[in-house]
2 protein chains.
Amino acid sequence: MDADDVVETWHYVLAKHAKAMCALERELGARHGLGPSEFEVLDRIVHHDRKLRIQELCDEVHLSQSALSRVVGRLEKAALVSRDVCRDDRRGVYVCITDQGRARHAEAVPTHRAVLAEIFSEAPALRS
Amino acid sequence: MDADDVVETWHYVLAKHAKAMCALERELGARHGLGPSEFEVLDRIVHHDRKLRIQELCDEVHLSQSALSRVVGRLEKAALVSRDVCRDDRRGVYVCITDQGRARHAEAVPTHRAVLAEIFSEAPALRS
DNA sequence: GAACAATACATGCACTCGCATCTAATGCAA
DNA sequence: TTGCATTAGATGCGAGTGCATGTATTGTTC
């Protein structure tokens, strides 16, 4: 991959990221009252199917620890997750998804998939 | 491209975007006093090699019109561009790069390229 | 030409983000 | 145990963004 390909790839990433983020923000927000970050956190917890430490989530979503802490705060206020003290390490916090959170996530997944399909279906795929 | 490929591509885009943006912000900021948006605007003007309307820039960078207006404001304050009234359409504004702006851009290009090369050189390329 | 819609750009505002910092708990060494 | 560095997570703060709106200019219709 030479320098021009790198720049071309970067422009592809920029364009797709902007388009998808904008659409996700609009659709997830309007239909399900979720931002992209909120959805991503719910999605990670559902995917693992267990409570996760804040730190574990930090490794999976592309957010700073402080931003993640606030996302969890917003989700908690909306009763979609609950914070649970970690008995082993009382500094830690488990993020547990609630039934409401599961329901909201399940409801939002099709929207999420549809938005991405719209944007990526005809796009060049990744090589290898 | 089926649904799983779409999600995989999306995660690739998210990861590369986060990594590159973060690195660009750090390196361009520390070495040249530019943010990614500022660099992008200078880069577009240099690429076209002429003054551009705000609206033309809007089509090329992934920013809202309001955000772009402020980026131009910051660049103007740093004397890297100047705003010029458009005689044909007095609503319009031309953004002209200054000599200082050209110099700063030229100085920043290698950093920009190096950061992207570091992140994308070993990455899967775009298919066709 | 006058009235009104449309367009170009600027700005108030609310929101999210990252950085720096704070608090609390843990680990480790003397 | 005491003292201090380290780690987990929360929070104050400033910066950048998009949306809605404001101001000025242009186009259009009568």
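**View 1. The surface near DNA strand D mixes nonpolar, polar and charged residues.** By class, this surface has six nonpolar, nine polar and eight charged residues. Keep in mind, as you look through these views, that this is a predicted model. Which residues come nearest to DNA strand D? Of the 23 residues around the strand, the nearest are A:Gln55, A:Ser66, A:Ser69, B:Ser66 and B:Ala67. Three elements give two or more residues here: helix 3 (54–60) and helix 4 (65–77) of chain A, along with helix 4 (65–77) of chain B. With five residues, helix 4 of chain A gives the most to this surface.

**View 2. DNA strand C is surrounded by 23 residues.** The closest of them are A:Ser66, A:Ala67, B:Gln55, B:Ser66 and B:Ser69. Two or more residues each come from helix 4 of chain A and from helix 3 (54–60) and helix 4 of chain B. Which helix gives the most to the surface near DNA strand C? Helix 4 of chain B does, with five residues. Sorted by class, the surface near DNA strand C has eight charged, nine polar and six nonpolar residues.

**View 3. Chain A meets chain B through 26 residues of chain A and 26 residues of chain B.** Look for helix 1 (3–32) and helix 5 (99–120) of chain A, since each of these supplies at least two residues of the side that touches chain B. How many residues come from helix 1 of chain A? Helix 1 supplies 14 residues, the largest share of that side of chain A. The residues of the side of chain A that touches chain B divide into 17 nonpolar, five polar and four charged.

**View 4. A turn of 180 degrees lays chain A on chain B.** The shift along the axis is 0.0 Å, and the RMSD of the fit is 0.0 Å. Why do we speak of a two-fold axis here? Because a turn like this is the relation of a two-fold axis. Both copies use the same surface, and 100% of the contact residues of chain A recur in chain B.

**View 5. Chain A is built from five helices and three strands.** Trace the chain from its N terminus and you meet the elements in the order α-α-β-α-α-β-β-α. The C-alpha atoms of chain A fill a box of roughly 50 × 30 × 25 Å along the principal axes. Chain A has 128 residues, and 27% of them count as buried. Among the contacts in chain A with a separation of 6 or more, 52% join residues 24 or more positions apart.

**View 6. The three strands of chain A form an open, antiparallel sheet in the order 1-3-2.** Which strands are the edge strands? Strand 1 (52–53) and strand 2 (81–85) of chain A are, and each pairs on one side only. Two bridges join strand 1 to strand 3 (residues 93–97) of chain A, and these strands run antiparallel. Across this pair, A:Leu52 stands opposite A:Val95 in strand 3 of chain A. Helix 2 (residues 36–48) of chain A packs on the sheet and touches strand 1 and strand 3, with its direction at about 85 degrees to that of strand 3 of chain A. Helix 4 of chain A lies across strand 2 and strand 3 of chain A, and runs at about 115 degrees to strand 2.

**View 7. A:His62 sits in the loop between helix 3 and helix 4 of chain A.** Is A:His62 buried or partly exposed? A:His62 counts as partly exposed because it has 18 C-beta neighbours inside 10 Å, and a buried residue needs 20 or more. Leaving aside residues up to four places away in sequence, A:His62 touches B:Leu14, B:Ala15 and B:Ala18. The C-alpha atoms of A:His62 and A:Ser37 are separated by 8.9 Å, and the two residues are 25 residues apart along the chain.

**View 8. B:Arg104 is found in helix 5 (residues 99–120) of chain B.** B:Arg104 has 22 C-beta neighbours inside 10 Å, so it counts as buried. Which residues does B:Arg104 touch, not counting residues up to four places away in sequence? They are B:His32, B:Leu34 and B:Leu80. B:Leu24 is 80 residues away from B:Arg104 along the chain, and their C-alpha atoms are separated by 15 Å.

Definitions and conventions:
Residues are numbered from 1 along each chain as its sequence is written. Chains are lettered from A and ligands numbered from 1 in the order in which they are written. This is a predicted model: local features need pLDDT of at least 70, side-chain atom pairs count only at pLDDT 80 or more; totals for chains, interfaces and linings use all residues. A residue is near a molecule or strand if its C-beta atom, placed from the backbone, lies within 6 Å of it. Helices (H or I, at least four residues) and strands (E, at least two) are DSSP runs, numbered from the N terminus. Ala, Val, Leu, Ile, Met, Phe, Trp, Tyr, Cys and Pro count as nonpolar, Asp, Glu, Lys and Arg as charged, and the others, Gly among them, as polar. Two residues are in contact if their C-beta atoms, placed from the backbone, lie within 7 Å. A residue is buried if 20 or more other C-beta atoms lie within 10 Å of its own, exposed if 12 or fewer, and partly exposed in between; C-beta atoms are placed from the backbone. Two strands pair if DSSP finds at least two bridges between them. Axes are lines fitted to C-alpha atoms, for helices over the stretch in contact, and angles run from 0 to 180 degrees between N-to-C directions. Copies are superposed by least squares on the C-alpha atoms of residues with pLDDT of at least 70 in both.
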